[in-house]
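Biologist: Let's talk about salt bridges. Show me the model, please.

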Amino acid sequence: MKGQRVHEYVVPFPAPDVWGVVGSLELPHLLSNMPGVHRNLTVMGDGSVGTILIFLYIAGWPFKGFRERISTLDHANRVKDVDVVQGGVLNYGYTSCRTRFEVLDLDDQGGSTGTSSTLRTTVSFDIDENKAPQNAVEMVALMQMDAVGKAIAKYLVEKKSRPRKLAGEQSLEQVLSWPVAPVWDVYSSLKLPELFRRVFPDVQWQGDGSVGTIFTVTLNPGPLPSYKEKLVTLDQQRRIKELDVIEGGVREKDFTFYRLRSQFVENGPNSTLFKINIRYELNASAPTAAENMKLANIRAVSMAGDLVSDYLKNQTKGA
């Protein structure tokens, strides 16, 4: 049995603003923070087609969680499709379930202003009636699409009211004379913070090294205080790791956002390209913001590549 549910919600913001949320990873993070619904989100990818989103539900829901894949991301037409690929309704007789998000400018529909837009959500599904419970069709109503529209509107109101920001980005590439597999094995595991203890007075962590693990880094005396960072992305397939500074460090120096992204690319049988990127934002209204922006130093991050190389060299000697 095939079915479809369509819901529309008018968001009091222009379509480009709403699509900026819907067409990015801001949407799944918003969904994961909705009260009484999800309790955890894991992202495997950068938000483009192929990205995997893993949601876990709080106790009391009929299913514990599910895995989705972004299958369409059309920025020109503001259309995004996500397919449930594991768990969730697939455990209740559904053979497929796709959610399409469309952001429509009210002007395109004969509206009188460009200050509002419509979020149209279409859930299309196919159910094997021989395997599904009687209330299987009702499960798509649990997705609370009305609440999704309200959450986006609330988020944009809060975002517009935030202080003006200074934003920046730095990138650096480093070639490591080791195969990519052992380099990634060290960098993606808890062996890396152990290696950082050779450089910093102390490094502690809470978690098992998966997404959500918190690292506390005690720095040597200098311009920055010690800090905490959270592991927000660990993509084993694409060898990407992202960490956000959430407390201390640059966050005490007018920075409102600071993310380190590392990616390892095979550069030959015995060579790895270490690609480093940092993105950051500062409160532009702070009188010291322009000066503190200089504290964003990507070259300090490249020491991780040196630590991993030295570790692998010592392991080879000891073998």
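Biologist: Which residues are linked in a network of salt bridges?
Modeller: Keep in mind that this is a predicted model. A salt bridge pairs a nitrogen of Lys or Arg with a carboxyl oxygen of Asp or Glu. The network is made up of Asp81, Asp83, Arg98 and Arg100.

Biologist: How far apart are N and O in the salt bridge of Arg98 and Asp83?
Modeller: Arg98 lies in strand β6 and Asp83 in strand β5, so the pair ties together parts that are 15 residues apart in sequence. The cut-off for a salt bridge is within 4 Å. Here the N to O value is 2.7 Å.

Biologist: Is Asp83 buried or exposed?
Modeller: Buried means under 20% relative accessible area. Its partner Arg98 has 34% and is partly exposed. Asp83 has 18%, so Asp83 is buried.

Biologist: Which residue forms a salt bridge with Arg259?
Modeller: Arg259 lies in strand β13. Its partner lies in strand β12. Both residues are buried. The closest N and O atoms are 2.6 Å apart, and the partner is Asp244.

Biologist: How many residues apart are Arg238 and Asp46?
Modeller: Their side chains meet in a salt bridge, 3.6 Å from N to O. Arg238 sits in the loop between β11 and β12, and Asp46 in the loop between β2 and β3. The pair links distant parts of the chain, and the separation is 192 residues.

Biologist: What is the relative accessibility of Arg238?
Modeller: Asp46, its partner, is partly exposed at 34%. Arg238 also counts as partly exposed. Its value is 33%.

Note on methods: Residues numbered from 1 in each chain as written. Predicted model: local features only at pLDDT ≥ 70, side-chain atom pairs only at ≥ 80, totals over all residues. Heavy atoms only, no water. Helix = DSSP H or I, 4+ residues; strand = E, 2+ residues; numbered from the N terminus. Buried < 20%, exposed > 50% of the residue type's maximum accessible area, 1.4 Å probe, protein only.
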